[in-house]
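Colleague: I am new to reading protein structures, and I would like to learn how to go through one feature by feature. Could we take one together?

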Amino acid sequence: MAQAHFHQVQAELREPYRALGKAIPDVMTGYNALHDAAFAEGALSVKTKELIALAISITRECDGCIASHGRNLARIGATTEEVTEMIGVAISMNGGPGTVWGPRALAAYQEFAGTGQQQA
């Protein structure tokens, strides 16, 4: 069975990411520490931070980021309603490109949620 698109995106990026980690371990360790600190529960919930990250992923037009944050939102129980409302804001801020990358973000979230559609 062929992998769904965003699972494939992550699979394709896995080995180059590991290779980069071996080539520049201090940089990647530092990045991972920054990521962990930024996404820790705090005044903003982890879910809110992941929604922000997915919105930025749409803006930056990054399939790898969309896959990662779509997966994380599915794992932590974000609803389709939460994700689609955030996509509406991203479209508002990005105009036409948001209408292309927003649906990609929704598809990634739905793919990792495992249902194709998740009830709000």
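Modeller: We will talk about pockets, salt bridges and a surface patch, keeping in mind that this is a predicted model.

Colleague: Let us begin with empty space: what volume does the largest pocket have, and which residues lie nearest its centre?

Modeller: The general idea is that rolling a probe the size of a water molecule over the atoms shows where empty space is left. In this structure the largest pocket has a volume of about 750 Å³. Its lining is made up of 22 residues, and those nearest the centre are Y17, Y31, G64, C65 and S68. Two or more lining residues come from each of the elements α1 (5-23), α2, α3 (46-60) and α4 (63-75).

Colleague: How many residues of each class are in that lining?

Modeller: The lining of the largest pocket holds 9 nonpolar, 8 polar and 5 charged residues.

Colleague: Now to the charged pairs: how many salt bridges does a search of the whole structure find?

Modeller: Side chains of opposite charge can pair when their charged atoms come close. Here the search of the whole structure gives 3 salt bridges. One of them joins E15 to R18, with the closest N and O atoms 3.9 Å apart. These two residues are 3 residues apart in helix α1, and therefore about one helical turn separates them. E15 is partly exposed at 46% relative accessible area, and R18 is partly exposed at 47%.

Colleague: Which parts of the chain does the salt bridge between E82 and K47 link?

Modeller: In that pair the closest N and O atoms are 3.0 Å apart. The salt bridge links distant parts of the chain, since E82 lies in helix α5 (residues 80-94) and K47 in helix α3, 35 residues apart.

Colleague: And is D63, which pairs with R104, buried or exposed?

Modeller: The side chains of R104 and D63 meet at 2.4 Å, N to O. R104 belongs to helix α6 (residues 96-113) and D63 to helix α4, so the pair ties together parts that are 41 residues apart in sequence. D63 has a relative accessible area of 17% and is buried, while R104, at 27%, counts as partly exposed.

Colleague: Finally, which residues form a nonpolar patch on the surface?

Modeller: The patch is formed by Y17, Y31 and L34, which together have about 330 Å² of accessible area. L34 is found in helix α2 (residues 25-38), and L34 is exposed, with a relative accessible area of 56%. Y17 and Y31 appeared earlier, among the residues nearest the centre of the largest pocket.

Note on methods. Residues numbered from 1 in each chain as written. Predicted model: local features only at pLDDT ≥ 70, side-chain atom pairs only at ≥ 80, totals over all residues. Heavy atoms only, no water. Patch = residues over 30% accessible without salt bridge, like charges linked within 9 Å, V, L, I, M, F, W, Y side chains within 5 Å. Areas by Shrake-Rupley, 256 points an atom, 1.4 Å probe, with all protein chains shown as cover. Salt bridge = Lys/Arg side-chain N within 4 Å of Asp/Glu carboxyl O. Helix = DSSP H or I, 4+ residues; strand = E, 2+ residues; numbered from the N terminus. Buried < 20%, exposed > 50% of the residue type's maximum accessible area, 1.4 Å probe, protein only. 1 Å grid on protein atoms, 1.4 Å probe; cavity = no way out; pocket = protein on both sides within 12 Å on 5 of 7 lines; lining within 4 Å. Points joined across faces, edges and corners; volume = space filled by probe spheres on them. Nonpolar A, V, L, I, M, F, W, Y, C, P; charged D, E, K, R; others polar.
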